[in-house]
Amino acid sequence: QVQLVESRGGLVQPGGSLTLSCAASGSIRIVYGMSWYRQAPGKQRELVALITTGGTTNYAASVKGRFTISRDNAKNTVYLQMNSLKPDDTAVYYCNADLETRHSTMNYWGKGTLVTVSS
């Protein structure tokens with residue numbers, strides 16, 4: 001069974017840092033683009049950062065300069081390093097990836113992990 005599994009989030013103080021990881025597992029042939037989304041209470045899900053197969057990255061304006069997305073292709077894993085966290089970063093963070101299996105290429109979502117930024 002193909003799935004994306006995020007690491008546990010947690011409670012972080014404002015100004016603090018946290019790194020999330022997301023591993024793709026199952027009968028995967030190729031991992032294409034990987035990204036992180038987030039959804040704050042009462043708000044729509046939004047793209048936070050993405051990274052292509054070749055390593056090109058793109059960020060939401062609200063996190064540029066504070067968050068860094070990276071990937072380890074050997075481990076089929078994407079990371080999101082979050083620095084200088086603000087209360088507005090509080091959200092459920094979701095991993096997303098396009099995965100090719102023996103049968104098809106599909107878009108997959110992780111179940112999400114809660115990050116709370118509060119003193």
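Two strands are taken as paired if DSSP finds at least two bridges between them. In this predicted model, strand β7, which spans residues 67-72, pairs with β8 in the antiparallel sense over 6 bridges. Within the pairing, F67 stands opposite M82 in β8. The two strands, β7 and β8, form a hairpin with 4 residues between them. One residue of the turn, N76, has a positive phi of about 50 degrees.

Strand β8, residues 77-82, also pairs with strand β3, residues 18-25. The sense is antiparallel, and 6 bridges are found. Here T19 stands opposite Q81 in β8. Strand β8 therefore has antiparallel pairings with both β3 and β7, given that at least two bridges are required for a pair. In a regular strand, side chains alternate between the two faces of the sheet.

A separate set of contacts centres on R38, a residue of strand β4 (residues 28-39). R38 has a relative accessibility of 6% and therefore counts as buried, the cut-off being under 20%. Its side chain makes polar contacts with two other side chains: that of D89 at 2.9 Å and that of Y93 at 3.0 Å. When neighbours within four places in sequence are left aside, the residues in contact with R38 include Q44, R45, E46 and V48, as well as S62 and V63. F67, the residue that stands opposite M82, is also in contact with R38. The remaining contacts of R38 are D88, D89, A91, V92 and Y93.

Aromatic side chains were examined next. A search of the whole structure finds 2 aromatic pairs. In one of them, the ring centres of Y94 and W109 are 6.4 Å apart and the ring planes meet at 85 degrees, so the pair is edge-to-face. Y94 belongs to strand β9 (residues 91-101) and W109 to strand β10 (residues 105-109), so the pair ties together parts that are 15 residues apart in sequence. Y94 and W109 form one aromatic cluster with Y37.

The accessibility of the two rings' residues was also computed. Y94, at 13% relative accessibility, counts as buried, whereas W109 is partly exposed, with a relative accessible area of 37%.

R45, already listed among the contacts of R38, is also placed against this cluster. The charged end of R45 sits over the ring of Y94, at 3.7 Å from the ring centre. The charged end of R45 also sits over the ring of W109, with a distance of 4.6 Å to the centre.

Note on methods
Residues numbered from 1 in each chain as written. Predicted model: local features only at pLDDT ≥ 70, side-chain atom pairs only at ≥ 80, totals over all residues. Heavy atoms only, no water. Buried < 20%, exposed > 50% of the residue type's maximum accessible area, 1.4 Å probe, protein only. Polar contact = N/O pair within 3.5 Å; in protein donor to acceptor, adjacent residues only side chain to side chain. Contact = heavy atoms within 4.5 Å. Phe/Tyr/Trp six-rings, centres within 6.5 Å; stacked < 30°, edge-to-face > 60°. Lys NZ or Arg CZ within 6 Å of the ring centre and 35° of its normal.
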